[in-house]
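Here are some friendly notes to read alongside the structure. They are meant for someone meeting it for the first time.

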Amino acid sequence: MQDMLLPALRSALESASLLERGATLLAGVSGGADSVALLYALAVLRQEAGYRLCAAHVNHGLRGSRSDEDAAFVQALCQELDIPLLLRRAGLSGKMESPGMEDLARRARRALLLDAMGEVQADAVLLAHHQ
């Protein structure tokens, strides 16, 4: 998979003029496989390109202790990779299955990631989605 992911990511970053020394990239990391793979790939490319890499994790609080476990996992991963992490809480209440909650969570996540982007003065927020 690394043989396909790294060239594709490198190409996308080059096309967006983000694969350069002096750029600051913010990776949104949920703790799922897609965002973890993106973070690892960005960490590898950081070594050759020299950009500044930060990460942000939004804890929606909608899955009880599992939400906190995801945040702890992302925190440990970022520490291992020497990537500064911004942890954010969405402050939502209810369950993910509640009507309209997915849209509400998406909007909250977007606002918190944009805020984090401003905090670290990132040139871009990078997200990984399998769809």
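**Notes for a first look**

1. A good place to start is Asp 82, which is exposed because its relative accessible area is 61%, over the 50% cut-off. Please keep in mind that the model is predicted. Asp 82 sits in the loop between helix H3 (65-81) and strand S3. Although Asp 82 is not a glycine, its phi is positive, at about 55°.

2. Why might that phi catch your eye? Most residues other than glycine have a negative phi. Gln 121 is another residue to look at here: its phi is near 55°, a positive value, and it is not a glycine either. You will find Gln 121 just after H4, in the loop between H4 and S4. With a relative accessible area of 64%, Gln 121 is exposed.

3. Now step back to the whole chain. How many helices and strands does the protein chain have? There are four helices and four strands. Starting from the N terminus, the elements follow the order α-β-α-β-α-β-α-β.

4. Next, the overall dimensions. A compact globule of 131 residues would have a radius of gyration near 14 Å, and the protein chain agrees with this at 15 Å. Taken along the principal axes, the C-alpha atoms fill a box of roughly 45 × 30 × 30 Å.

5. As for the inside and the outside, 42% of the 131 residues are buried. The accessible surface of the protein chain is about 7,700 Å², and carbon and sulfur atoms account for 50% of that surface. Contacts reach across the sequence too: among those between residues at least 6 apart, 74% join residues at least 24 apart.

6. A word on charge: the protein chain carries 13 positive and 16 negative side chains. The centres of these two sets lie 5 Å apart.

7. Helix H4 deserves a visit of its own. H4 covers residues 101-120, and at 1.5 Å a residue its 20 residues should span 28 Å. The C-alpha atoms at its ends are 28 Å apart, so the expected and modelled spans agree.

8. Which residues of H4 are buried? They are Met 101, Ala 105, Ala 108, Leu 112, Leu 113, Ala 116, Met 117 and Val 120. These buried residues pack against strands S1 (24-28), S2 (52-59), S3 (85-89) and S4 (124-126).

9. Is Arg 106 of H4 buried, partly exposed or exposed? Its relative accessibility is 40%, so Arg 106 counts as partly exposed. Arg 106 and His 60 are 46 residues apart in sequence, while their C-alpha atoms are 9.6 Å apart in space.

10. Leu 86 gives a view from strand S3. Leu 86 counts as buried because its relative accessibility is 13%, under the 20% cut-off. Leaving out residues up to four places away in sequence, Leu 86 touches Ala 55, Ala 56, His 57, Ala 116, Glu 119 and Val 120. Its C-alpha atom is 9.8 Å from that of Met 117, a residue 31 places away along the chain.

11. Finally, try Thr 24 in strand S1, a buried residue with a relative accessible area of 8%. Which residues is Thr 24 in contact with, leaving aside neighbours within four places in sequence? They are Arg 52, Val 120, Gln 121, Ala 122, Asp 123 and Ala 124. Gln 121 thus returns from the second note, where its positive phi was described.

Methods: Residues numbered from 1 in each chain as written. Predicted model: local features only at pLDDT ≥ 70, side-chain atom pairs only at ≥ 80, totals over all residues. Heavy atoms only, no water. Helix = DSSP H or I, 4+ residues; strand = E, 2+ residues; numbered from the N terminus. Expected span 1.5 Å × (residues − 1). Buried < 20%, exposed > 50% of the residue type's maximum accessible area, 1.4 Å probe, protein only. Contact = heavy atoms within 4.5 Å. Rg over C-alpha atoms; globule rule 2.2 N^0.38 Å. Areas by Shrake-Rupley, 256 points an atom, 1.4 Å probe, with all protein chains shown as cover. Lys, Arg positive; Asp, Glu negative; His and termini not counted. Charge placed at Lys NZ, Arg CZ, Asp CG, Glu CD.
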